[in-house]
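Here are my comments on the model you passed to me, set out as numbered points. They begin with individual residues and then turn to the chain and the pair of copies.

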Number of protein chains: 2
Amino acid sequence: MQFEQLRALAAIIDEESFEGAADVLRVTPSAVSQRIKALEASVGQVVVRRGTPCTPTEAGSVLLRMARQVQLIEAETRAALGQGVAARTVTPVAVNADSLATWFVPVLGEAAGWADTTLDLRVEDQDHSSRLLRQGDVLGAITSDPAPVNGCRAELLGSMRYLPVATPDLHRRFRKDGGADFTRLPMIQFNAKDDLQQRFLQARGVSQPPPRHLIPSSEGFLAALRAGLGWGMIPELQLEADLTDGTLVLLEEDAEENVQLYWQTWTLNSERLNRLTEAIRRAAHLLR
Amino acid sequence: MQFEQLRALAAIIDEESFEGAADVLRVTPSAVSQRIKALEASVGQVVVRRGTPCTPTEAGSVLLRMARQVQLIEAETRAALGQGVAARTVTPVAVNADSLATWFVPVLGEAAGWADTTLDLRVEDQDHSSRLLRQGDVLGAITSDPAPVNGCRAELLGSMRYLPVATPDLHRRFRKDGGADFTRLPMIQFNAKDDLQQRFLQARGVSQPPPRHLIPSSEGFLAALRAGLGWGMIPELQLEADLTDGTLVLLEEDAEENVQLYWQTWTLNSERLNRLTEAIRRAAHLLR
């Protein structure tokens, strides 16, 4: 197994193709292909599923994880030796859309000062991002999963507080017995994985599912709420003046859903990873 | 081939699992499974790849496309007969992130007034959304592809104008010969598919790739630009007061990349689809 083979594997997965990897590594696609064949011969298993996009096989995921760790350690070793100051390490991190739209932003500002790192953010639902860690796609993940992935550590960052809101007009039109008529009031979900609204309805004994719109963007979700498309659970941090200026109203007082967020990273003694962890901890003070 | 089998197929793809489909259709997972087996027996091919998520096979994509069209026609026929006013048709539409963050927002406002429709937006790069049309995943797509997908029509909506910007501080730090030093100035890309920055660099003969951050969210991209993480091509429509108040500066005067956007939909004589098309045309007046 050779460094350049692992580098080729990581580049193929990041760029989604052999051609993209060749561009980034500044070699020919056939050189990339040869490295992968050699890697596959040395481990005796197929490591890349050739497709659009290219994806790692199970064996490939194990190798990818190793590749990322080796890259990080290599870069830090070079830096310690006074070499490779110009080469930046790619830091792949999974973050959920609502975090990226709110409390995570100052991390971008801190990263702007890191001359040795580039960020490669992957936007993934907090319930599914630990999968990216397991697969070796990312070095760290903002996740709702408190159980550390094998070889990782997890720390609680805090809670995101979600509030049920809609426009006053929509609230007025779908009313029953003084409250909202949740069997008819249209609902907005982020995507099929988003069950925040459903959990809210279940807790209130609403079994009949209301009409449902899917708007898979944090800011699009807020725009859809403001446009009166439906009601939804929105992070309190994302509501600017909406509640005070009356653009949106709470559908129930004291109703909220809290999502605990954890930061999971590999247990790797890496300066860059520690620095990222500290920046994330500082930004997370906006959480509850 | 039966209506309920096609409905089961569409629900599995939308909900990504047999269990999710069962919830939505309010039947047991085994009933969903039986419908799919019957459908597979009737066409003599596997239609769903069982996995996480479930995806359609090639034959499944053809059937999925038929399923969506039948659902729409059925809903409109019921409405014409004075039935099924309560049942809303799900309208899956692909839209690129930059459009959803800008000119597409008024479409959400119009959709709020449609009692017979729910929106199911899929955020997909404009260079790749015509694939979703071909697969039958969506009824219509905002795409940069002018060539109509088989069975679809395409109309030009206008151009999105992208400008190269960065913070004044970053611009000052990476300067050469009076202009920006694009071989060293860190660059922000939306994701691996986004080649707007690369095209800009190629047109200026920059072959050495600069450090590259990946921030796959339109609003996150703008936040990263404002935080000084790097330079990037940003839709003019997304820049609020940034250029006038000096938060961001243009890296070159009169430099721009224009992306032409088309609206592609099935050639189906459907009232709901026509209404959506009209709303999109009205919103698109913000394009150039």
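1. B:Ser130 counts as buried, because its relative accessibility of 5% falls below the 20% under which a residue is called buried. This is a predicted model, and the remarks below should be read with that in mind. The residue sits in helix H7 of chain B, which covers residues 129-134, and, once residues up to four places away in sequence are set aside, B:Ser130 touches B:Thr143, B:Asp145 and B:Val149.

2. One of those partners, B:Asp145, belongs to the loop of chain B that runs between strand E5 (140-143) and strand E6 (152-166). With a relative accessibility of 24%, B:Asp145 counts as partly exposed, whereas B:Ser130 counts as buried. Not counting residues up to four places away in sequence, B:Asp145 touches B:Gln126, B:Ser130, B:Tyr262 and B:Gln264. For a pair 44 residues apart along the chain, B:Asp145 and B:Ala101 have C-alpha atoms that are separated by 20 Å.

3. In chain A, I would look at A:Leu170, which is placed in helix H8, residues 168-173. Is A:Leu170 buried or exposed? A:Leu170 is buried, since its relative accessible area is 2%, against a limit of under 20% for that class. Leaving aside neighbours within four places in sequence, its contacts are A:Leu185, A:Gly228, A:Leu229, A:Gly230 and A:Trp231. Of these, A:Gly230 is 60 residues away along the chain, yet the C-alpha atoms of A:Leu170 and A:Gly230 are separated by 7.3 Å.

4. Helix H2 of chain A, which spans residues 18-25, has A:Phe18, A:Gly20, A:Ala21 and A:Ala22 as buried residues. The cover over the buried residues of H2(A) includes helix H1 (3-15), helix H3 (29-43) and strand E1 (48-49), again in chain A. After H2(A) comes A:Arg26, and its phi is positive, near 60 degrees.

5. An annotation bears on this part of the chain: UniProt, in an unreviewed entry, places the feature "domain: HTH lysR-type" at residues 1-57 of chain A. In the model, that span is 63% helix and 7% strand, and its end C-alpha atoms lie 17 Å apart.

6. Taken as a whole, chain A has eleven helices and 13 strands, and its C-alpha trace spans about 70 × 35 × 30 Å along the principal axes. Of its 288 residues, 55% count as buried, while about 12,400 Å² of chain A is exposed, with carbon and sulfur atoms supplying 50% of that area. Among contacts between residues at least 6 apart in sequence, 74% join residues at least 24 apart. The 30 positive and 37 negative charges of chain A have mean positions that are 3 Å apart.

7. How are the two copies related? A turn of 180 degrees, with a shift of 0.0 Å along the axis, lays chain A on chain B with an RMSD of 0.0 Å, and that is the relation of a two-fold axis. The same surface serves both copies, in that 100% of the contact residues of chain A recur in chain B. Among the residues of chain A, A:Glu219 comes closest to the rotation axis, with its C-alpha at 3.7 Å.

Note on methods: Residues are numbered from 1 along each chain as its sequence is written. Chains are lettered from A and ligands numbered from 1 in the order in which they are written. This is a predicted model: local features need pLDDT of at least 70, side-chain atom pairs count only at pLDDT 80 or more; totals for chains, interfaces and linings use all residues. Side-chain values use heavy atoms; hydrogens and water are left out. Helices (H or I, at least four residues) and strands (E, at least two) are DSSP runs, numbered from the N terminus. Buried means under 20% relative accessible area, exposed over 50%, partly exposed in between (1.4 Å probe, protein chains only). Contact means heavy atoms within 4.5 Å. Accessible areas come from the Shrake-Rupley method with a 1.4 Å probe; for residues, only the protein chains shown count as cover. Lys and Arg count as positive and Asp and Glu as negative; His and the chain ends are not counted. The place of a charge is taken as NZ of Lys, CZ of Arg, CG of Asp or CD of Glu. Copies are superposed by least squares on the C-alpha atoms of residues with pLDDT of at least 70 in both. UniProt positions are given in the numbering used here, feature names are shortened, and annotations may be inferred rather than shown by experiment.
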